Amino acid sequence: MNVKQKTIKSEVSVQGVGLHTGANVTLTFCPAPENHGFKFQRTDLPGQPIVDADCDNVTDTARGTTITQNGASISTVEHVMASLVGMDLDNILMKLDGPETPIMDGSAILFVEALESVGFVQQDIDREYFQIPHNIIYTETDRKVEIVAMPLEDYRFTCMIDYNSPVLGSQHAVISSIAEFKDEIASCRTFCFLHELEYQLQNNLIKGGDLNNAIVIVDKEVNREELDHLAKIFNREKIEVAPQGILNNMELRYQNEPARHKLLDMIGDLALVGMHIKGHIMAARPGHAANIAFAKKIKAAIKKEKNKKVQKVYDPSVKPLYDVVQIMDILPHRQPFLFIDKILELSKTHVVGVKNVTMNEEFFKGHFPGAPVLPGVIQIEAMAQTGGILVLSTVPDPRNYLTYFLKIDKVRFRAQVLPGDTIVFRCDLMEPIRRGIAQMKGVGMVGDKIVVEAEMMAQISKVKESERVS
């Protein structure tokens, strides 16, 4: 049974301070349409720029994960991202009026509770998963980091941390399914060692830090004077070292809470892959830099699998959905510039068209007549005309509309197309059409071989009476 995409029923906001910036911020989770994915919006900046939650946009992993796009940055996104994946969501716009997400209590539980408070809604389009096809391994020998993703029908995590600390020791955390996130992982708070805390305080790196939003592990001998100094900084009457080797500002929620929090961070960072994953992730000594490097490795594997995925091979001889006469009722193009002969399939999100290549084509008179090859620009135009059928099918009177190119991107010509070949083009919407703008991924195949692919953006425009072709 296919799983449908999900978003939230209504907007919900949380308020707090950024851990590193100390800025007071409001984060508002907003419902988003199908195939929107996870995006942030900086409402405090001119133009309110959008930042895609994507590992390719990561610009810093020093003390959290920062993403940057369109001149805007969002810091410490990992806890928010973990809450979205942990709550099994697909499409959310997050409006933020500052440069960093709020740290809240140092975990993801308050984000989870906010999302649950408004409820979830199932959407119409199926969710797409990336199923780990084989072991994907990332290592950093010098830091003894190792992360591996293995094939599995669920999303499972195993995490081990070891900082050579006699207080913390070696810890493990495991969830057998992402469905366990809320109960087992979401409430686990961030942690730091006392020597790190002192360095960050001295260098003004945690302006929003407080003993209410982090577990402080005492990894060195500390005297009464130092403890009193910390108490003064954090406006506490007194601070002691608890028997577990942490400052007694809070009690551990789990004996292995630090390991569970590292697992939380890993879930949040891997959410930047941009797709739900099926696989077992095992990590030894992970951190933000390693997590993001691993996320990029998974994203590369996704791209590779998509490229080599066996495309459906269409039989161009079957009875078409539209023949060339019916195509001319939709498209304004005419010979010698009509390059589509048949439409085999058409849905709300995809179209399949056919072009028969013959030596009778007008352009072969002047384009390599002694060694005829179908020009790449003609292939792209034929692909665009195929996509035009899809776009124009969304309006009730397609004869009164035209589609114009706005952008062509990521064009690749993989093999020559010769007279006698039949190209089958498939165009898929990359996201829902908005304000008359359509973004499509197009692939052209001869038999079972991809010969051309591209991403196209087009705009639907109503034609004037004088432009209409009869």
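# Cysteines, salt bridges and two annotated histidines

By the rule that the two sulfur atoms of a disulfide lie within 2.5 Å of each other, the count for this structure comes to zero disulfides. The structure is a predicted model, and its cysteines show how such a count comes about. The sulfur of C55 has its closest cysteine sulfur in C159, and because these two are 19 Å apart, the distance is too far for a bond. C188 is likewise in no disulfide, since the nearest cysteine sulfur, again that of C159, is 11 Å away, whereas the limit for a pair is 2.5 Å. C55 is buried, with a relative accessible area of 0%, and for C188 the value is 0% as well, so C188 also counts as buried.

Although disulfides are absent, a search of the whole structure finds 22 salt bridges, and a few of them are worth following one at a time. In one of them, D44 is paired with R42, and the closest N and O atoms are 2.8 Å apart. The two partners differ in how much of them can be reached from outside: D44 counts as partly exposed because its relative accessibility is 36%, while R42, at 7%, counts as buried.

Another salt bridge joins K299 to D56, with 2.8 Å between the closest N and O atoms. K299 lies in helix α7 and D56 in the loop between β5 (50–52) and β6, so this pair ties together parts that are 243 residues apart in sequence. K299 itself has a relative accessibility of 23% and therefore counts as partly exposed.

The side chains of K441 and E453 also meet in a salt bridge, at 3.2 Å from N to O. Here K441 belongs to strand β23 (residues 437–446) and E453 to strand β24 (residues 449–462), so the pair ties together parts that are 12 residues apart in sequence. K441 is partly exposed, with a relative accessible area of 28%, whereas E453 is buried, with a relative accessible area of 5%. Salt bridges can also be linked to one another, and K6, D88, D90 and R127 form a network of this kind.

We turn now to two histidines. The UniProt annotation "active site", which comes from an unreviewed entry, covers H288 and H367. They span 80 residues in sequence, and their farthest two C-alpha atoms are 53.4 Å apart, so the annotated residues do not all gather at one spot.

H288 lies in helix α7 (residues 288–308), the helix that also holds K299 of the salt bridge with D56. With a relative accessibility of 13%, H288 counts as buried, and, when residues up to four places away in sequence are not counted, H288 touches T61, G64, T65, E78, D265 and D269.

H367, by contrast in its setting, is found in the loop between β20 (350–356) and α9 (376–392). Its relative accessibility is 24%, and H367 therefore counts as partly exposed. If neighbours within four places in sequence are left aside, H367 is in contact with P372, V373 and P375.

One last residue is R63, which lies in the loop between β6 (58–60) and β7 (66–69). R63 counts as partly exposed, because its relative accessibility is 37%. The C-alpha atoms of R63 and A289 are separated by 9.6 Å, although these two residues are 226 residues apart along the chain.

Key
Residues numbered from 1 in each chain as written. Predicted model: local features only at pLDDT ≥ 70, side-chain atom pairs only at ≥ 80, totals over all residues. Heavy atoms only, no water. UniProt positions renumbered as here; feature names shortened; annotations may be inferred. Helix = DSSP H or I, 4+ residues; strand = E, 2+ residues; numbered from the N terminus. Buried < 20%, exposed > 50% of the residue type's maximum accessible area, 1.4 Å probe, protein only. Contact = heavy atoms within 4.5 Å. Salt bridge = Lys/Arg side-chain N within 4 Å of Asp/Glu carboxyl O.
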